[in-house]
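Here is a short briefing to keep beside you while you look through the model below. It goes topic by topic, so feel free to jump around.

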Amino acid sequence: MSRPPTSSNQPLPAKELGTFRRIVKCYENKQFKIGLKLCKQVLDRKEFAEHGETLAMKGLILNCLGKEAEALETVKLGLKRDVGSYVCWHVYGLVLRQGKQYDEALKAYKMALARDKENQQILRDLCLLQIQVRDYEGYKDSRYRLLKLRPQIASWYGYATAFHLLKDYPMALSIIDEYMRCYPGFAKAESKQGKSDAFARSELILYQNMIMREAGQYSKALELLEENAALVIDRRVYHETRGSLLLSLGQNEAAANVYQMLLKRNPENLDYYKQLEVCMGLTDDDIDAKLKFYDDLAIKFPRSSIPRREPLYFADAKELRFRLLVWIVNMLRKGVPSLFKSLIPLYKDHAKVQVLESVLKEFIGEIDKRGYKRACFTRCKGKHESPSTALWLYYLLAQHYDRVGNQTLAMEYINRTLDHTPTLNDMYMVKAKIEKHRGNLLEAARLMEEAQLLDTADRYVNSKCAKYLLRAGLIKEAEMMCGKFTRDGTNASINLNEMQCMWYALEVARAERSVSHYGDALKSCHQIEQHFVNITDDQFDFHTYCLRKSTLCSYINLLRLEDRLRNNEWYYQAAKCAAKIYLRMLDRPGDIFDISECGEEMSAEEIKKMKRKQAKVKARAAEKEQQKTKGVAGQVEKQTKKEEGIEPVGINIDPEELLKTKTPLDEALKFIAPVIDLGCTHVTGYLLGFEIYYRKEKPLRMLQCLKAAQKIDQAHPLLHIANVKFLLYLRNFNRDGVVGELVKELTEELFGDERNPVDFNKRYQHEIAKDFGSKMAVLECNILLEPGSVPAAKKTILECIKDATTPGRSLKILIKMRDAIRYGRFGEWSRDEVAEFMRVCHLAYPYANAFGGGAKEKENIEASKGQSTENGDADH
Amino acid sequence: MADHEDFIEEHAEEEQKSDKHNWGAADLEKVTAMSSNEDEKEVEVLGNLERLIEAPMEKKATIKLKKEDVQTIIDELLVSKLRAEKELLNAEGDLKKALRSLTGF
């Protein structure tokens, strides 16, 4: 824009032209206030009051000052006055881009370019936008024009990436070749240029290599890489690339040498071990060879844990026993808190769990027999373990029993650790976790607070504590807890949102949802959504930066990451939470808009009890907080006032507004559609999609969701329900044309001959439904097919809960059942029936807050220990 | 918001002729003459580029897309127009094929 406005239909006289140029300068230097004043100077003169380009500049400056609406109006007015001016079109495009109307902005840029064909600034802006919206074809053309206008390094890179992204590898490679040919000094080491050039050269070689690998030209890639070996500055990447190339070419021996060398550099990189396994031709069946392989490496790298740990995961039971002994004893003696984490993969295999448990029992037997001051795990005469070993053993046992679902024994061992050393916060954290697993969320939160108090400088414990408070429904307290680590002077929630802290937002969303504050829950989900929007927008900076800095491999990887960004777990969880609430708006509008009536089908007494408990924990937290905040209160006020000017996005979302939406399905779809399109790995993601499309009556999309879910887990209970729903939907489906035809075809492919929902449900019941979840799914389908089956369903539900041997019966699934019953998925339940359901659940899980158990009842339960301990011990 | 869209389209039509003409590579050749420090070498380089580029540019075949087919895809699968057109193009204008591939069958 630094050039004079040649395409204008409203030429300015010399003096005003000077002013106009100063306006442009002011904009470029971000002197917005002065710029506006100068605009006023020109526009105040009658003959120039409607000068298009000045109006456009005024609009642009207004836009930078945050007055978007006024800005757009002004720019549009300017454009109307002077349609022939490239400045007006360019500015219009810029303002549209700011407003995220990318398609329109693209058009405007193109109009501007048509009026000034050689304007590099416009061309650059166009390129930016085209790559941002992934218009690769358009990007390629614009890059070509820019390269012709300005054949400098970034233009060359840009042009090459365009072809690379279009998967036209030969063209991308020829452009790089051409570039290296034209600037021969660049490709040679003896070039006199400085350090930055050496780096750019190194990056270009690696980039060229990346394209070749993607094009499958492995031997050429290897040849060029080795030829330029001395020029590649990042040695680790050089060796890793070379290793993988050699492996792709089948030169396993050479590749093995590379990985051996890499292991010497870093013996804790698991990937190197895995690659080396491939080089040696080791398969998963060849256990003995693999054991030897890792044993050899263990000797070679005595300080590395990987070669000692990996065999645990594939060794058979007999071998495992011996190795576990060594592994566990070593770690216990060192006192490694994360020991249990390294054992988690073993829990997939029941036989291995047995071995682990017998090893642990042996240790504990030794300690119980000889007392922990004299015991020795390795049975060496005259030697004994240090006192702390016993502590870590109890700790490990507690975690083990918690993992296998025996919370009673877990509690016993964790209490032994506390008797041994009452000041170690790891122990309290595990105790809190055990309480959480038996549903006593309030007590779990209290224990976490204790752990937190033992080390107030530990942010990990602090965050865990906040999470546990949120699980217990203590939202305010959790915020205060987080406030101990967020910046002074701002509210913790605002600060965490600014930091894009997703776990917190997600836990808040769930906590708010569980107390029926659906608006606030949605707000948190939208905040997470907003983070992802921001991450996408942040790309803009990298389009220019990466090309200028020649970090092309990382740039391409960044673009690919951004393309799949919403495949992220946090996004999925937020989308799930939001979609469920939006569906509830349709299914049960009463829940959303009349809070007093909804949700709590607990008896008045229960509510009171619950509130009393919450109040207690609250009071304790508040008391502690009070002492703290007193000191900073004054400071806080000052700070908040100062920061009122800047309003972070996301924090201003109005929960009430979110609930007022007229199109909850579309809102839900906005969250879920990317999850489905990016191929998420959760069955539930697709089934939520199904529920939305089912209500929107889009059969093809329903089929898509069913198929994708089937690929992940064919027997999933929720999938079964969706299948039955779809077959029911088909009964009244009669559409002609391509769509009707296709729906029939695809249904046949998916369901075969079995298209009668009743038979389909029966077959599932007999062949698959053995565990709790799928049994419930059958009942739900029964009700869908025959509403009269509700009483029978109720009976079966209660029976299944009472029967502790029902496989898959867990606290988690019972809480889901409670919610499903409240949602009305199992017909109408009277107050008494719900009470009976709660009573039965309470008996099964006496500590769960969700069914009225918990901290207060502890004494009663302990008293009748004889019966109740058996409950948790189903596995033993 | 709607009126500025029309506004652009109006002018876009008016400009289309000259726009298309100017967009092509032919016109750009003149541009290369533009001043630069290392004029000669760059002209030669770009000449090479042109040769590189010609082949892929000519290859484009044209497939006619039916408007109502695009609309069907949009209505049934709730995707953007851009995506619908692209899928239909990939399926060489075959609606059923496009729908099938979009639903992952």
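In chain B, buried residues make up 15% of the 105 residues. For chain A, the buried share is 40% of 876 residues. Please keep in mind that this is a predicted model.

**Chain B at a glance**

- Chain B has six helices and zero strands, and its pattern along the sequence reads α-α-α-α-α-α.
- Of the contacts in chain B with a separation of 6 or more, 29% are between residues 24 or more positions apart.
- An unreviewed UniProt entry lists residues 63-103 of chain B as "domain: Nascent polypeptide-associated complex subunit alpha-like UBA".
- In the model, residues 63-103 of chain B are 71% helix and 0% strand, and the C-alpha atoms at the two ends are 22 Å apart.

**Chain A: overall layout**

- Chain A contains 47 helices and zero strands.
- When contacts in chain A between residues at least 6 apart in sequence are considered, 58% of them join residues at least 24 apart.
- The domain assignment divides out domain 1 (1-117), domain 2 (315-422) and domain 3 (681-768) in chain A.
- Between the C-alpha centres of domain 2 of chain A and domain 3 of chain A, the distance is 48 Å.
- The annotation "repeat: TPR", from an unreviewed UniProt entry, covers residues 86-119 of chain A.
- Residues 86-119 of chain A are 79% helix and 0% strand in the model, with their end C-alpha atoms 9 Å apart.

**Helix α9 of chain A**

- Helix α9 of chain A runs over residues 153-165, which is 13 residues.
- From first C-alpha to last, helix α9 of chain A reaches 18 Å, close to the 18 Å expected at 1.5 Å a residue.
- Why can α9(A) be called largely enclosed by the rest of the structure? Ten of its 13 residues are buried, so the surrounding structure largely encloses α9(A).
- The buried residues of α9(A) include the aromatic-bearing Trp156(A), Tyr157(A), Tyr159(A) and Phe163(A), along with Ser155(A), Gly158(A), Ala160(A), Thr161(A), Ala162(A) and His164(A).
- After α9(A) comes Lys167(A), with a positive phi near 65 degrees.

**Cys553(A) and its neighbours**

- Cys553(A) sits in helix α31 of chain A, which spans residues 552-563.
- Is Cys553(A) buried or exposed? Cys553(A) is buried, because 20 other C-beta atoms lie within 10 Å, and 20 or more is the cut-off for that label.
- Leaving out residues up to four places away in sequence, Cys553(A) touches Leu206(A), Tyr207(A) and Met210(A).
- Cys553(A) and Leu206(A) are 347 residues apart in sequence, yet their C-alpha atoms are 7.3 Å apart in space.

**Nonpolar cores**

- In soluble globular proteins, nonpolar side chains tend to be buried together.
- Here, the largest nonpolar core has 147 residues.
- Within that largest core, the residues with the most contacts are Ala398(A), Leu469(A), Ala578(A), Ile672(A), Leu687(A) and Cys705(A).
- Which residues does Leu687(A) touch, not counting those up to four places away in sequence? They are Cys705(A), Ala709(A), Leu718(A), Leu719(A) and Ala722(A).
- A second, separate core has 84 residues, among them Tyr86(A), Ala108(A), Met111(A) and Leu129(A).

How values were computed
Residues numbered from 1 in each chain as written. Chains lettered and ligands numbered in written order. Predicted model: local features only at pLDDT ≥ 70, side-chain atom pairs only at ≥ 80, totals over all residues. Domains from an automatic or database assignment. UniProt positions renumbered as here; feature names shortened; annotations may be inferred. Helix = DSSP H or I, 4+ residues; strand = E, 2+ residues; numbered from the N terminus. Buried ≥ 20, exposed ≤ 12 C-beta atoms within 10 Å, placed from the backbone. Contact = placed C-beta atoms within 7 Å. Expected span 1.5 Å × (residues − 1). Core = buried A, V, L, I, M, F, W, Y, C linked by C-beta atoms within 7 Å.
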